[in-house]
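Q: I'd like a close look at a single part of this model, followed by a connected tour of what surrounds it. Please keep it friendly, with cut-offs included.

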Amino acid sequence: MPGCRRYRAMMAAALYESLDTKEDAALQSHLEACPVCRKENAALRQVLTLLPEDDAVIPWDLTTALRARLAEEELRPAPFAWLPVWGAPAFAGACALALAFSLLFLGPEGGLLNGSAPAAPPLAMPATPAPGMEALEEAQRHIAANQHDAAASVLRAAVQTAPGHTAAGEAQRALAALTFEHFRLYEIAFHEYMKLRNQFGAVYREDPESIDRFELLAEEWENQFQALATIDAARDRVYADPFRQLEHVMAAHPGKHVAGIALREMQALVRNEDVTHGDEMHVLEAVRQRCVDPVAVAQVNLYLGDLYCDAQVNKARARALYQEVIDSTSPMLAERAGHAMARLDLTP
Amino acid sequence: MEYAAQADEELALALKGGDDSAFDEMVRRYQGRVYAVAFRLTGNREDALDVTQDALIKAYRKIDSWKPTGGFLPWLLRLTRNQAIDHIRRRTRRRHEPLDEALQQRSEGADIEPTAMSTETAVRAREIDERVRGALVKLSPAQSTVFLLRHYEGMALAEIAESLGCTVGSVKVHLFRALKKLRVELKDLYDGNA
């Protein structure tokens with residue numbers, strides 16, 4: 001119908017807000033008269049029902065990370081903006097060295113090329129290691145002597161006093177690892193790995209362990225790291241039945257990084273109890289036998305099925321395990337098992 | 001200076017005037033909404049966090065391009081949308097796949113919480129989520145800005161018009177076109193046809 005265009009804009013507005021009385025009356029009158037617009041209106045309402053809730057919540061405060069990133073960008077003066085942070089001073093130093101070399105050997109008087117007396121040798125590079133590397137070596141000595149607090153102090157100082165130095169990224173990585181592995185201060189470790197990721201991206205991206213730990217800590221941050229605390233207590237034999245506590249972690253966090261850590265601890269427990277278990281498959285089968293929670297069993301089945309697949313042995317066993325997961329009560333694990341089964345079917 | 005009580009545009013003016021301390025308040029106030037838009041467009045937490053950081057840094061660096069005659073939030077969300085699309089394009093080039101397929105990329109499992117839904121329902125919910133994300137990226141800048149501000153930010157149409165410096169009628173037209181484009185992109189997901 002002519003004039004439908006103006007009513008379509010009203011239709012869209014009416015989905016969200018009340019129109020004024022005059023507009024509303026005009027729209028309703030048009031919808032009664034125009035089947036095309038009536039159908040369009042119904043279709044637009046249907047689209048809204050499809051749109052999911054916007055429930056994404058930012059997992060942590062970015063203020064500190066953004067400040068650090070801005071500060072890092074300030075360390076690179078504009079002419080050297082294409083260099084990494086540590087490169088600007090090094091590049092400038094190299095230019096100065098080249099200039100000194102050319103003046104000494106190829107200067108206005110010709111230098112050596114003209115047969116004159118030999119000039120002084122070029123500037124010698126420093127024989128002692130750079131401060132950042134010294135700090136890393138000192139920290140290693142402290143760790144070897146079980147002086148972990150001293151090691152952390154040295155590493156922190158190395159990062160703070162020479163943030164642009166090439167070794168600062170390694171010092172930050174070592175500090176994050178120390179905080180995670182030895183001190184088990186997971187909230188602080190989370191911030192240290194975040195600093196590594198934001199300020200020393202090249203070091204972070206080259207280290208799979210740092211990437212895994214950051215992802216683990218980012219997941220666990222939302223749960224105040226409780227699952228990691230449970231795993232630590234199980235590892236330290238605080239519980240009468242540590243295996244069962246670890247199984248609870250797996251059941252409560254299916255498919256998460258922390259479930260993988262809990263499973264590794266369960267394997268270590270089983271292996272310690274009976275050293276005759278042999279290879280990883282036998283150990284995992286023993287873990288599977290001991291588990292009672294269906295979600296935990298489903299996860300062990302998934303790991304075990306992947307092991308059999310990767311080793312290309314006993315495909316029938318892998319298929320049976322995946323099928324158990326598909327039939328389990330966890331939709332997410334069932335979906336993963338479905339994909340794994342499909343891949344299995346494609347392999348010769 | 002205490003910025004928490006200041007209106008959005010006053011905060012932006014302070015930043016525009018070279019007051020760096022206003023940046024912390026800007027991050028605190030907007031990081032959640034920027035992240036929500038980034039997540040809606042990229043579909044996973046890692047990319048959304050990268051886009052959020054890039055967008056807020058860019059807002060800081062390009063604050064001179066914001067005009068006080070327009071609202072600050074619409075400007076920021078437009079910037080976020082552009083950053084998200086650039087990010088998706090870079091991700092596409094790294095993976096050597098067409099942009100459409102990148103937009104349909106499944107989210108990492110860590111972003112999906114296990115629920116009591118059946119497998120079929122969970123798979124369908126994820127499919128719809130991916131299709132909506134792909135459809136949103138295809139909206140024009142004006143359409144996506146109006147749609148995001150109305151549907152997700154809950155801003156009144158008159159408020160959006162004032163922020164964008166246009167008439168309420170224009171906002172309604174952009175909104176209709178956005179919804180119509182979404183309807184076309186998602187038509188096979190529901191039974192109605194128009």
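How are H2(B) and H3(B) oriented to each other?

A: H2(B) and H3(B) are oblique to each other. This is a predicted model, in which local features need pLDDT of at least 70 and side-chain atom pairs count only at pLDDT 80 or more, while totals for chains, interfaces and linings use all residues. Residues are numbered from 1 along each chain as its sequence is written, chains are lettered from A and ligands numbered from 1 in the order written, and side-chain values use heavy atoms, leaving out hydrogens and water.

Now to the geometry. Helix H2 of chain B covers residues 21-42 and helix H3 of chain B covers residues 45-61; their axes come within 8 Å and cross at roughly 135°. Axes here are lines fitted to C-alpha atoms, for helices over the stretch in contact, with angles from 0 to 180 degrees between N-to-C directions. Helices are DSSP runs (H or I, at least four residues), numbered from the N terminus. Angles under 35 degrees count as roughly parallel, over 145 as roughly antiparallel, 65 to 115 as roughly perpendicular and the rest as oblique. The crossing of H2(B) with H3(B) is right-handed (the near helix is turned clockwise from the far one by less than a right angle; anticlockwise would be left-handed).

Contact means heavy atoms within 4.5 Å. On the H2(B) side the contact includes Phe23(B), Met26(B), Val27(B), Tyr35(B) and Phe39(B), and on the H3(B) side Arg45(B), Asp47(B), Leu49(B), Leu56(B) and Tyr60(B) are among the partners. By class, the residues of this contact are 14 nonpolar, 3 polar and 2 charged (Ala, Val, Leu, Ile, Met, Phe, Trp, Tyr, Cys and Pro count as nonpolar, Asp, Glu, Lys and Arg as charged, the others, Gly among them, as polar).

Chain A offers two further pairs to set beside this one. The axes of H9(A) (residues 186-199) and H11(A) (residues 208-221) come within 9 Å and cross at roughly 130°, so H9(A) and H11(A) are oblique as well. Their crossing is left-handed. Tyr186(A), Phe190(A) and Tyr193(A) are among the H9(A) residues that meet H11(A), where the partners include Phe214(A), Leu217(A) and Trp221(A). This contact divides into 10 nonpolar, 1 polar and 2 charged residues.

H11(A) also packs with H14(A) (residues 257-273): the axes come within 8 Å and cross at roughly 110°, and the two helices are therefore roughly perpendicular. Here Asp212(A), Glu215(A), Leu216(A), Glu219(A) and Glu220(A) of H11(A) meet His257(A), Val258(A) and Ile261(A) of H14(A). The classes are 3 nonpolar, 1 polar and 4 charged.

Finally, confidence. Chain B has a mean pLDDT (the predictor's confidence in each residue, from 0 to 100) of 78, with 81% of its residues at 70 or more. Among the elements of chain B, H5(B) (residues 99-103) has the lowest mean, 46, and H9(B) (residues 168-185) the highest, 91. Over residues 97-117 of chain B, pLDDT stays under 50. Where pLDDT is low, the predicted coordinates should not be read in detail. The mean for chain A is 79, with 78% of residues reaching 70 or more. For the complex, the predictor gives an ipTM of 0.70 and a pTM of 0.47.
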